[in-house]
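Visitor: Could you show me the chain and take me through its layout, its confidence and its surface?

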Amino acid sequence: NWSDGGVSWNSNCEMLATDMSNVANTIITKYSAGLTRAKVITGGVSYTSYALLSNIAASNTLADTKGLLATCGSTGSWQAQNFKIPIYNINCAGNPEGDLHGQALINAITNTTIKNNSGFFEDNSCSTHCGGDINTWSAKMIDRVKVWIP
């Protein structure tokens, strides 16, 4: 609902993060083996990326997790200044996502620890929404996971 001043957006972002949090808790409970929420990485593409970038600023639902893989999404300055976990942002070049993404998003993060543990990949081989090579993008995400959880 675009006319409710963001109420439905915030509610949807919280529901999505809660669902992801519950999945993480279920996996941890079922498999244990040293898994903790500090080893949980969430991620999303497009809508999910935008929603989770909002959630990790406005809510504590995922604040105890390791990071967020945010593909084909962006967010605003307020969110970047209030991130509670590091992010890794992947987008095509040419700003098809709008607002802040890539280097501009990392630059807007004000928490030094979160900024230093965040990163991005701007794919110069594409200029559309989610138009990059899936193998390249997957490899970039795997590399980031190895940084966060060696």
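Visitor: What pattern of helices and strands does the chain follow along the sequence?

Guide: In this predicted model, local features need pLDDT of at least 70 and side-chain atom pairs count only at pLDDT 80 or more, while totals for chains, interfaces and linings use all residues. Residues are numbered from 1 along each chain as its sequence is written, and side-chain values use heavy atoms, with hydrogens and water left out. Taking helices as DSSP runs of H or I with at least four residues and strands as runs of E with at least two, numbered from the N terminus, the chain has six helices and four strands. Read in sequence order, these elements give α-β-α-β-α-β-α-α-β-α.

Visitor: Which element of the chain has the highest mean pLDDT?

Guide: On pLDDT, the predictor's confidence in each residue from 0 to 100, the chain averages 94, with 100% of its residues at 70 or more. Among the elements, helix 1 (residues 7-31) has the lowest mean, 93, and the highest, 98, belongs to helix 5 (residues 112-116).

Visitor: What share of the residues of the chain count as buried?

Guide: A residue is buried when its relative accessible area is under 20% (1.4 Å probe, protein chains only). By that criterion, the buried share of the 150 residues is 39%.

Visitor: How many Å apart are the mean positions of the positive and negative charges?

Guide: Lys and Arg count as positive and Asp and Glu as negative, leaving out His and the chain ends, and each charge is placed at NZ of Lys, CZ of Arg, CG of Asp or CD of Glu. For the 9 positive and 10 negative charges of the chain, the mean positions are separated by 13 Å.

How values were computed. Buried means under 20% relative accessible area, exposed over 50%, partly exposed in between (1.4 Å probe, protein chains only).
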